[in-house]
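Biologist: I should like to learn how the features of a structural model are read. Would you take me through them in order?

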Amino acid sequence: MAHELLTPVESLQSRDLLGIKDISKQEALALLELAARLKEGTRAGAERLHWDNLRILAMIFEKPSLRTRFTFETAMVQLGGHAVYLSPAEIGLGKRESVADIARNLERWCHVVMGRVFAHESLVDLAQWGDKPVINALCDEEHPCQALADFLALRESKGHLEGLKMAYIGDGNNVAHSLMLLAGHTGVNITVACPVGYEPSAKYVEIARTFAEASGSNVEIVNDPYAAVEGADAVYTDVWASMGQEAETAKREQDFKGFQVNSALMSAAKPDAVAMHCLPAHRGSEITDDVMDSAQSIVFDQAENRLHAQKAVIAALVGGF
């Protein structure tokens with residue numbers, strides 16, 4: 001059964017997942033399918049999957065997180081492995097010692113490395129200098145595990161992905177990048193609405209449009225949130241100031257006025273549109289309580305799916321079942 005589960009993603013074994021931009025459409029769809037099947041098995045009370053030998057995940061954290069730490073640790077337990085948490089004080093990427101030296105230590109102790117870091121380059125260096133798969137659990141450029149969890153939740157809500165429209169409202173950040181890329185792979189049309197000057201990276205827009213062209217979908221960047229949500233099946237937002245941008249909070253609060261996901265904005269989307277947020281949410285800023293807690297919200301389904309999406313990523317990259 002385990003071999004059957006891993007068959008669609010065998011091409012990912014021993015590779016890194018540094019971003020959605022680094023995987024093919026077929027691999028992205030296979031990860032979503034594997035995550036759905038693992039979730040179904042977990043909910044049905046299936047026994048844990050077991051590797052022949054104990055597998056260890058090294059978890060490198062430069063940024064704190066409720067969801068990332070809990071779900072990665074739980075994923076390893078459910079797969080029959082173990083996770084080791086490494087805080088900034090214990091590892092100090094590039095400060096206490098070089099990233100290259102850290103990678104060459106970890107490769108002798110563990111089977112897979114997860115990094116929640118400030119700079120994408122840290123993940124690139126970990127992958128370059130170590131011989132174990134590296135998973136991007138968040139960096140300044142992408143948040144691939146979040147996007148996989150999000151699209152799994154959207155598919156569960158709507159029954160399919162291809163042909164849907166997602167409107168992303170807010171900062172053109174790492175989350176927006178991964179959402180655009182995965183939308184392109186899955187045939188979801190996506191419109192990103194940002195204030196002028198906060199648009200997504202042109203590099204990621206170009207890659208996402210290449211993916212979308214192959215799937216028959218569209219990637220649009222606009223500065224009007226109401227134009228973005230017209231005809232939308234999903235309305236997604238994220239915090240306006242991410243970790244590391246705290247000094248910009250006051251300015252961003254001003255710049256993002258009019259980009260709040262509230263009942264008025266939701267009413268301009270399809271009547272059955274779902275509300276989405278990657279969390280943590282700043283209620284009353286980028287999203288209101290009445291939307292966050294409404295029947296339209298699938299925010300906590302997204303959070304739940306972090307567990308299953310990451311479980312699928314780990315199983316695919318490590319293999320060995």
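Modeller: Let us begin with burial: a residue counts as buried when its relative accessible area is under 20%. The model before us is predicted. D171 has a relative accessibility of 6%, so D171 counts as buried.

Biologist: Where does D171 lie, and which residues is D171 in contact with, leaving aside its neighbours within four places in sequence?

Modeller: D171 lies in the loop between β5 (165–169) and α8 (174–186). Leaving aside neighbours within four places in sequence, its contacts are A176, C194, Y198, V239, W240, Q245, R252 and F256.

Biologist: How is a helix read, and which residues of α2 are buried?

Modeller: An α-helix has 3.6 residues a turn, so residues three or four places apart point the same way. In α2 the buried residues are E27, A28, A30, L31, L32, L34, A35, A36, L38 and K39. As for length, the 19 residues of helix α2 (residues 25–43) should span 27 Å at 1.5 Å a residue, and the end C-alpha atoms are 27 Å apart, which agrees. Just after α2, G45 has a positive phi of about 80°.

Biologist: How should I read a strand, and which residues of β9 lie on each side?

Modeller: In a regular strand the side chains alternate between the two faces of the sheet. Strand β9 (residues 274–277) has V274 and M276 on one side, with A275 and H277 on the other; all are buried, and both faces are covered. Strand β8 (residues 234–237) runs parallel to β9 and is joined to β9 by four bridges. One of the pairings places V235 opposite A275 as its bridge partner.

Biologist: What is found in the loop between β9 and α13?

Modeller: P280 lies in that loop, between β9 and α13 (289–292), as does L279. The peptide bond joining L279 and P280 is cis, with omega about 0°. L279 is a residue other than glycine, yet its phi is positive, near 70°. With 11% relative accessibility, L279 counts as buried.

Biologist: Where does L138 lie, and what is its phi?

Modeller: L138 lies in the loop between β4 (134–136) and α7 (144–158). Its phi is positive, about 140°, although L138 is not a glycine. At 9% relative accessibility, L138 counts as buried.

Biologist: Finally, how is empty space found, and how many cavities of 30 Å³ or more are there?

Modeller: Rolling a probe the size of a water molecule over the atoms shows where empty space is left. Searching the whole structure gives three cavities of 30 Å³ or more. The largest cavity holds about 50 Å³ of space. Its lining consists of A103, E107, V113, L126, G130, D131, K132 and V134; four of these lining residues are nonpolar, one is polar and three are charged.

Key
Residues numbered from 1 in each chain as written. Heavy atoms only, no water. Helix = DSSP H or I, 4+ residues; strand = E, 2+ residues; numbered from the N terminus. Expected span 1.5 Å × (residues − 1). Buried < 20%, exposed > 50% of the residue type's maximum accessible area, 1.4 Å probe, protein only. 1 Å grid on protein atoms, 1.4 Å probe; cavity = no way out; pocket = protein on both sides within 12 Å on 5 of 7 lines; lining within 4 Å. Points joined across faces, edges and corners; volume = space filled by probe spheres on them. Nonpolar A, V, L, I, M, F, W, Y, C, P; charged D, E, K, R; others polar. Contact = heavy atoms within 4.5 Å. Pairing = 2+ DSSP bridges.
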